[in-house]
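User: Hello! I am new to this structure and would like to walk through it step by step. Could you show it to me?

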Amino acid sequence: MIRNSIYAILLLCALTACGSDDDEQRDMQQPAISDQGITANPIDCQQYHRGEVIPFHYLMLDDQELGAYNIEIHNNFDHHTHSTTATDCPMDAQKQPQNPWIYNHDFTIPAGLRSYDAHHDIQIPADIDPGDYHFMVRLTDRAGWQQLHAVAIKIVE
C-alpha cells in the first residue's frame, strides 16, 4: 500500500514537472491599436467644439490576450510632442492654461480576448480652454506589453 502510494506520488510529480510547448510560449509581442476595418476616431487634426462629444473608436489587437487600456486627454498649449505620428497639424500660438481639460480613464477588456472593438462617447466640458490637445491611448496586453497611440486634436469654441 505504501509502495503504491510512493509510486503514485512520484508519477504525479513527474507529470506536473513536464510542461508542454504551449505552456512555455511567452508573449513577446506588443499589442496593436488599429483602424483596420473601422472608421477610427479621433484622428490627427480633428476639431471638436466645447460641449460636444468625441466618439472614440479603435480596434485593439494582440497575438495572445489583451489586458486593459487608458485614454488620456491633456492640453498641448506648450507644443510638446509624443511622436507617434508624422502628421503636422496647424497649431494655435503657445499660451498658459487657465482652465485646461484633463481626462484620464482606465478601461478593462474582458479576459481571454485577442481583439476588442473599443468605443466610447467622451463628453467635452463646455467651460474648458479651447486650443490644442493630445488624445492618447495606452493599450496593455495581459503580459504587460504596451502600445501608445497619440493624436493631436483641437477644441474650439
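Analyst: Happy to help, and we can begin with a term: accessible areas come from the Shrake-Rupley method with a 1.4 Å probe, and for residues only the protein chains shown count as cover. This is a predicted model, where local features need pLDDT of at least 70, side-chain atom pairs count only at pLDDT 80 or more, and totals for chains, interfaces and linings use all residues. Residues are numbered from 1 along each chain as its sequence is written, and side-chain values use heavy atoms, with hydrogens and water left out.

User: What share of the exposed area do carbon and sulfur atoms supply?

Analyst: The protein exposes about 9800 Å². Of that area, carbon and sulfur atoms supply 51%.

User: In what order do the elements run from the N terminus on?

Analyst: Helices (H or I, at least four residues) and strands (E, at least two) are DSSP runs, numbered from the N terminus. The protein has two helices and eight strands. From the N terminus on, the order is α-α-β-β-β-β-β-β-β-β.

User: Which strands are at the edges of the sheet with the order 1-3-6?

Analyst: Two strands pair if DSSP finds at least two bridges between them. Three strands form this open sheet, and their pairing is antiparallel. Those that pair on one side only are strand 1 (32-34) and strand 6 (115-123).

User: Which residue is the bridge partner of S34 in strand 3?

Analyst: Strand 1 and strand 3 (residues 53-61) run antiparallel and are joined by three bridges. In strand 3, the partner of S34 is L59.

User: Why is one side of strand 2 and of strand 5 left without a neighbour in the sheet?

Analyst: The order of this open sheet of five strands is 2-8-7-4-5, with mixed pairing. Strand 2 (47-49) and strand 5 (103-108) stand at the edges, so one side of each has no neighbour in the sheet, as each has a single partner strand.

User: Which residue in strand 5 does E72 stand opposite?

Analyst: Strand 4 (residues 66-75) pairs with strand 5 in the antiparallel sense over six bridges. Opposite E72, in strand 5, stands N104.

User: Is C45 buried, partly exposed or exposed?

Analyst: C45 is found in the loop between strand 1 and strand 2. Buried means under 20% relative accessible area, exposed over 50%, and partly exposed in between (1.4 Å probe, protein chains only). C45 has 34% relative accessibility, so it counts as partly exposed.
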